Amino acid sequence: LKTPLAVLRGATEKLDTDDAVKRTRLTAEICTATHRLDHLVANLVDQTRLKSGTLQPHLDWCDVRDLVAAARRNLGKALAGRSLRLEIPADLPFCRAEAALMEHVMGNLLLNAARHTPPDCFIRVAAGGEGECLFIAVSDNGPGLPPEIAADPFQRFSRGHDARTGGLGLGLSIVRGFMLAQGGDVTTGKSPEGGACFTVYLPHATHDRVPDDER
């Protein structure tokens with residue numbers, strides 16, 4: 001938490017300047033540090049909810065495309081310049097989940113891929129049916145999981161030796177906790193291109209009909 005706080009303190013102390021270019025740069029630093037701090041605090045709060053056992057998901061019908069779109073919006077500029085490939089069938093059934101939790105799950109997986117791959121790598125989001133489950137897979141063509149965390153990447157505070165500073169190593173742990181709370185799970189593996197692949201699963205449930213929102 002000290003890193004983004006130090007950036008905020010330093011930038012705000014220098015903001016009282018007549019140099020418009022400098023003010024623009026400092027404002028950008030403040031925005032970046034604020035988003036980073038918000039993400040860190042959110043992860044700490046979510047981890048506390050999971051550890052205390054107070055998380056009670058409210059399941060409803062969700063469209064996977066809407067979940068991914070919301071996650072992308074919430075990440076703001078974190079995916080700027082990234083090649084994002086969506087492979088979600090138009091006829092994919094709705095899944096039964098809590099939208100807020102799934103948006104956070106997808107956001108953590110997308111952010112994880114963006115943070116641990118070079119800028120020229122792509123991120124793929126694929127979805128479909130597999131037996132009695134629906135799956136959403138987030139993969140990339142980066143270097144893959146570091147050997148030191150490959151055995152259990154979902155452990156709390158688990159980070160690779162080359163991970164950038166400022167993270168807590170909670171993102172993947174929260175992903176698993178949120179998925180288990182909704183009756184699902186998450187697995188890890190390699191993408192066809194050799195990078196990392198995280199796949200979340202939700203039990204497949206059928207619905208009689210989808211309510212008409214226009215009525």
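Is Arg 124 buried or exposed? In this predicted model, where local features need pLDDT of at least 70, side-chain atom pairs count only at pLDDT 80 or more, and totals for chains, interfaces and linings use all residues, Arg 124 turns out to be buried, at 11% relative accessibility. Here, buried stands for under 20% relative accessible area, exposed for over 50%, and partly exposed for what falls in between (1.4 Å probe, protein chains only). Residue numbers start from 1 along each chain as its sequence is written, and side-chain values use heavy atoms, with hydrogens and water left out.

First, the overall layout. The protein chain has six helices and seven strands; these are DSSP runs (H or I, at least four residues, for helices; E, at least two, for strands), numbered from the N terminus. Along the sequence, they come in the pattern α-α-β-α-β-β-α-β-β-α-α-β-β. Of the 215 residues in the protein chain, 40% are buried. Contacts (heavy atoms within 4.5 Å) reach far along the sequence: of those with a separation of 6 or more, 69% are between residues 24 or more positions apart. The accessible surface (Shrake-Rupley method with a 1.4 Å probe; for residues, only the protein chains shown count as cover) is about 12400 Å², and 51% of that belongs to carbon and sulfur atoms.

Back to Arg 124 and its charged partners. The whole structure has five salt bridges, each a side-chain nitrogen of Lys or Arg within 4 Å of a carboxyl oxygen of Asp or Glu. One of them joins the side chains of Arg 124 and Glu 87 (3.2 Å, N to O). Because Arg 124 sits in strand β4 and Glu 87 in strand β2 (residues 83-87), this pair ties together parts that are 37 residues apart in sequence. Unlike buried Arg 124, Glu 87 is partly exposed, at 42%. Both also belong to a network of salt bridges with Glu 193. Another salt bridge pairs Arg 65 with Asp 63 (3.3 Å, N to O); Arg 65 is partly exposed at 28%, while Asp 63 is buried at 17%.

Strand β4 also holds Ala 127, which is buried at 8% relative accessibility. The C-alpha atoms of Ala 127 and Glu 87 are 6.5 Å apart, though 40 residues separate the two along the chain. Besides Glu 87, and setting aside neighbours within four places in sequence, Ala 127 is in contact with residues including Val 64, Leu 92 and Phe 135. Over in strand β5 (residues 133-140) is Ser 139, buried at 4%. Arg 124 shows up again here, among the residues that Ser 139 touches, along with Phe 122 and Cys 197.

Loops can hold buried residues too: Thr 117 lies between α4 (99-115) and β4 (122-130) and is buried at 8%. The Thr 117 side chain reaches the backbone oxygen of Ala 113 at 2.6 Å. Leaving aside neighbours within four places, Thr 117 is in contact with Arg 82, Asp 140, Gly 142 and Pro 143.

Finally, the surface. Leu 1, Leu 5, Val 41, Leu 44 and Val 45 make up a nonpolar patch there, sharing about 370 Å² of accessible area. Patches are built from residues with over 30% relative accessible area and no salt bridge, joining like charges within 9 Å and nonpolar side chains (Val, Leu, Ile, Met, Phe, Trp, Tyr) within 5 Å. Helix α2 (residues 20-52) gives the most, with three residues. Leu 5, from helix α1 (residues 2-13), is partly exposed at 37%.

Terms used: Polar contact = N/O pair within 3.5 Å; in protein donor to acceptor, adjacent residues only side chain to side chain.
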